[in-house]
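Me: I would like to go through this model one point at a time, starting with the ligand and ending with the backbone. Please reason briefly and close each reply on the item asked for.

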Amino acid sequence: MPKGVLSNADLEKLVDTSDEWIVQRTGIRERRVVAPGENTSDISVVAARQALERAGVDPADLDLVIEATVSPDHLLPATACKVAEILGAKKAGAFDLSAACSGFMYGLTVGAQFVRSGMYRNVLVIGAESLSRMVNYEDRNSCIIFGDGAGAAVIRPLEDCGGKHELLDFHLGADGTGYEFIWRPSGGVADPLSAEVLEKKGHFMIVRGREVYRFAVAMMTELVQKAIEPYGMAQLGFIVPHQVNERIIDAALERLEIPRSKCIVNIDRYGNTSAASVPVALAEAAEAGSLEPGKIVILVAFGAGLAWSYATVRW
Ligand code: UT7
């Protein structure tokens, strides 16, 4: 995570909000933000190096680098190419993947297909965002939610991982009827950057929070139910959900009748970091010893697009 901290008290100075409102409505106390000159590629490289080191994989042996992000360094070309170059992944293909909060999960799923088919042996998937660069700090509806961060994983054949952390199932879904629920209306080809766009702040992110709230509770509940169905609730070890809002996570857990002790919530420290949210939470859950070998771990994400995903892993 980047070192800069943006607390609720800091936001109180920027917009008409309060620490009490933010904590009650979202569970967020502070977020991390990139420093001036620090970009998505920089935090991606830090996360990638940690993942490669833990996996014992040399960057030169990577076959593919997937960068899941909606806040790339530049709109052109792919941040993944820059990251691969800095890492020394000389023989790897590299591309960016845009699936917002579900980005890491989409990347994991895409990368796993290359490994399963036997075409590739080492795929690096990074979920990274510098959302602080596209948040409107005059809009209290959105600016309190988001933070920056990066997480990464190396996907390899099961035999290279000592038979551990097996990806059993996955699911990808999308529904463009919610295209404008979380979006940046301008800056793309539909409404290119202009003085007028900057004036009306159309290049910043806009969030229709209540619509997303309803969608997110329903989707998290449905996806976890679907994911655990083939194995049975008794096999469930842990849930690593997209850190969207503490209330959303709690509401879904209540509907699922799953205790909070089986789920990681770190949104209090990081806010919603979109594509970085799941890999960072997964790393923290693993470090805390919350993931029991042999048990089912469900990764689940949902967000802009709308797009959603789950992955079932035998830890
Ligand atoms: O990962 C996907 C992206 N994430 C999302 O899209 C977020 C999903 N949605 C949410 O997390 C919640 O809907 C929010 C945190 C965005 C908002 O919480 P809420 O409980 O749905 O509040 P609300 O939008 O219904 O607003 C309640 C009141 C409103 O005032 P009135 O109309 O009742 O007088 C808002 O104007 O709270 C007001 N409000 C605020 N007050 C203080 C909205 N934002 C703020 C704020 N500080 N930052």
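Reply: The domain bounds used here come from an automatic or database domain assignment. The model itself is predicted.

Me: Where does the ligand lie with respect to domain 1 and domain 2?
Reply: Domain 1 covers 4–161 and domain 2 covers 166–314. Both give residues to the shell around the ligand, so the ligand lies between them.

Me: Of the 22 residues around the ligand, which come nearest?
Reply: A residue counts as near if one of its heavy atoms lies within 4 Å of the molecule. There are 22 residues around the ligand, and those that come nearest are Thr17, Arg25, Arg210, Asn245 and Asn272.

Me: How do the residues of the shell divide into nonpolar, polar and charged?
Reply: Glycine is counted among the polar residues in this grouping. On that basis the shell around the ligand holds ten nonpolar, seven polar and five charged residues.

Me: Which helix gives the most to the shell around the ligand?
Reply: At least two shell residues come from each of α2 (19–26), α6 (140–143) and α8 (209–228). The one that gives the most, with four residues, is α8.

Me: What is the distance from an oxygen atom of the ligand to an N or O atom in the side chain of asparagine 272?
Reply: A polar contact requires a pair of N or O atoms within 3.5 Å. A nitrogen atom of the ligand is 3.1 Å from a polar backbone atom of glycine 209. A polar side-chain atom of histidine 242 lies 3.0 Å from a ligand oxygen. For the side chain of asparagine 272, the distance to a ligand oxygen is 2.7 Å.

Me: How much of the ligand's accessible area does the protein cover?
Reply: On its own, the ligand has 960 Å² of accessible area. The part of this covered by the protein is 78%.

Me: In the open sheet that contains β3, which are the edge strands?
Reply: The order of the four strands is β4-β3-β5-β6, with mixed pairing. Strand β3 (residues 64–68) runs parallel to β4 and is joined to β4 by five bridges, with isoleucine 66 opposite phenylalanine 95. The strands that pair on one side only, and so form the edges by definition, are β4 (93–97) and β6 (149–155).

Me: Why is one side of β7 and of β10 left without a neighbour in the sheet?
Reply: Four strands form an open sheet in the order β7-β12-β11-β10, and the pairing is mixed. β7 (166–174) and β10 (236–241) stand at the edges, so one side of each lacks a neighbour because each has a single partner strand.

Me: Which residue stands opposite leucine 236 in β11?
Reply: β10 and β11 run parallel and are joined by five bridges. Leucine 236 faces a residue of β11, namely isoleucine 296.

Me: What is omega for the cis peptide bond that joins glycine 305 and leucine 306?
Reply: Most peptide bonds are trans. The bond from leucine 76 to proline 77 is cis, with omega near 0°, and proline 77 lies in the loop between β3 and α4 (79–87). Leucine 306 is in the loop between β11 (296–303) and β12 (307–314). For the cis bond joining glycine 305 and leucine 306, omega is about -10°.

Me: What is phi of lysine 201 near?
Reply: Most residues other than glycine have a negative phi. Lysine 201 lies in the loop between α7 (195–200) and β9 (206–207). Its phi is positive, near 60°.

Methods:
Residues numbered from 1 in each chain as written. Predicted model: local features only at pLDDT ≥ 70, side-chain atom pairs only at ≥ 80, totals over all residues. Heavy atoms only, no water. Polar contact = N/O pair within 3.5 Å; in protein donor to acceptor, adjacent residues only side chain to side chain. Areas by Shrake-Rupley, 256 points an atom, 1.4 Å probe, with all protein chains shown as cover. Pairing = 2+ DSSP bridges.
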